[in-house]
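Biologist: Could you take one part of this model and go through it slowly, beginning with the charged side chains and then turning to the interior?

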Amino acid sequence: METNKPQNEPSKFDAYKPSKPKKQPKDPINFKKYWKLIFGLSLALIAVLILLANVYVVKENEYRVVRQFGEVVAIKEDPGLHMKIPFIQSLTTLPKYQMIYDVSEAEINTRDKKRIIIDNYAVWQVVNPRELITNAATIVNAESRMEEFIYSVIRSELGQLDYDEIINDENSSRGSLNDNVTAKVNELLEKDQYGIRVTDVRMKRTDLPAENEQSVYTRMISERDSTAQDYLSQGDAKKREIEAQADREAQEVIATARKEAALIQAEGESEAAKIYNESFSKDPEFYQLYRSLQSYTKTIGEDTVIILPSNSPYASVLSGIME
């Protein structure tokens, strides 16, 4: 049988348990005593954060523009650490390196009234950030003005050239055209003080409009055929001129040779006549006989029939009758 004992009734073993020390109540923290320290640390932390937030770095390839209430007060371009006034000044960045701008395709007319489509690109950079901000405000506006100047100058330059001069690789005018366009675009940019400079303007492509392409190709082929015929005609004329010159020189050589031959022959005949005369004077009868024999060899052949009087000297020689 169980008996119910009061829960708070001490047990007989409780006398042998060690007694626990009683906890003393802690005094509450007096924050008023440390408020100056906390406030000072908070101010120092806020000051450090503000300082770090207003320190900026200028890199080698950029300009840092410092504005105060929207107005440009400084432009930093030397690399390093710089400081701006908190809450009053703000920063913007402009690129210092060279950039490539792809100019939009445009259609122009050449001097010989042909329509062509040109596609260019430009290499440019910011050289005066203050002028750019004052007159163009943004990079996009500066590129827009640059594109307008490039189109205007190229239209003017190509309008002074024929289509063949533009597309002919052997013609050096295209190489100088790029330099001329670059120089004139820079003159316009400097005149309006946009603060940018174009390093180079180059043509990527020069095409014909689709509706004119075939007709121009046909005309070019016709012109090339005409030029080829001109070259052939000039060659034939030169050939005839050379042949006539050669024939004239040959006739002169032949005439000179005939003249010299006639002179030599005349000298020979004169010398022969002299020899004949000398021989005739030495033995007239022998000479007469010799001349007669020579005439026989020329006048008498195998079938020759000669009728002579019996008393003819010529007959007597043939008959072997010699006085």
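**A charged network and a cavity**

Modeller: D102 has a relative accessible area of 46% and is therefore partly exposed, between the limits for buried (under 20%) and exposed (over 50%), with a 1.4 Å probe and protein chains only. This is a predicted model, in which local features need pLDDT of at least 70 and side-chain atom pairs pLDDT 80 or more, while totals for chains, interfaces and linings use all residues. Residues are numbered from 1 along each chain, and side-chain values rest on heavy atoms, without hydrogens or water.

The side chain of D102 meets that of K204 in a salt bridge, at 3.0 Å from N to O; the term asks for a Lys or Arg side-chain nitrogen within 4 Å of an Asp or Glu carboxyl oxygen. The two residues are 102 apart in the chain, K204 in strand β9 (residues 196-207) and D102 in strand β6 (residues 99-102), where strands (E, at least two residues) and helices (H or I, at least four) are DSSP runs numbered from the N terminus. K204 itself is partly exposed, at 43% relative accessibility.

K204 also forms a salt bridge with D119, at 3.7 Å from N to O. Because K204 lies in strand β9 and D119 in strand β8, this second pair ties together parts 85 residues apart in sequence. Unlike K204, which is partly exposed, D119 is buried, with a relative accessible area of 10%. Through shared partners, salt bridges join D102, D119 and K204 into one network. Another salt bridge runs between the side chains of R202 and D200, at 2.7 Å from N to O, and here R202 is partly exposed at 29%. The full count comes to seven salt bridges.

Strand β8 (115-126) leads from this network to the interior, for β8 and helix α3 each supply at least two lining residues of the largest cavity, a set of points on a 1 Å grid where a 1.4 Å probe fits but cannot get out, lined by residues with an atom within 4 Å of a point. A search of the whole structure finds one cavity of 30 Å³ or more. Its lining consists of V103, S104, A106, I118, N120, I150, Y151 and I154, with α3 giving the most, three residues. I150 and I154 belong to the buried residues of α3 (residues 139-158), a group that also includes A142, M146, F149 and V153. By class, six lining residues are nonpolar, two are polar and none is charged.

Note on methods. The expected span of a helix is 1.5 Å times one less than its number of residues. On a 1 Å grid over the protein atoms alone, a cavity is a set of points where a 1.4 Å probe fits but cannot get out, and a pocket is an open set with protein on both sides within 12 Å along at least five of seven lines; lining residues have an atom within 4 Å of a point. Grid points are joined across faces, edges and corners, and a volume is the space filled by probe spheres set on the points. Ala, Val, Leu, Ile, Met, Phe, Trp, Tyr, Cys and Pro count as nonpolar, Asp, Glu, Lys and Arg as charged, and the others, Gly among them, as polar.
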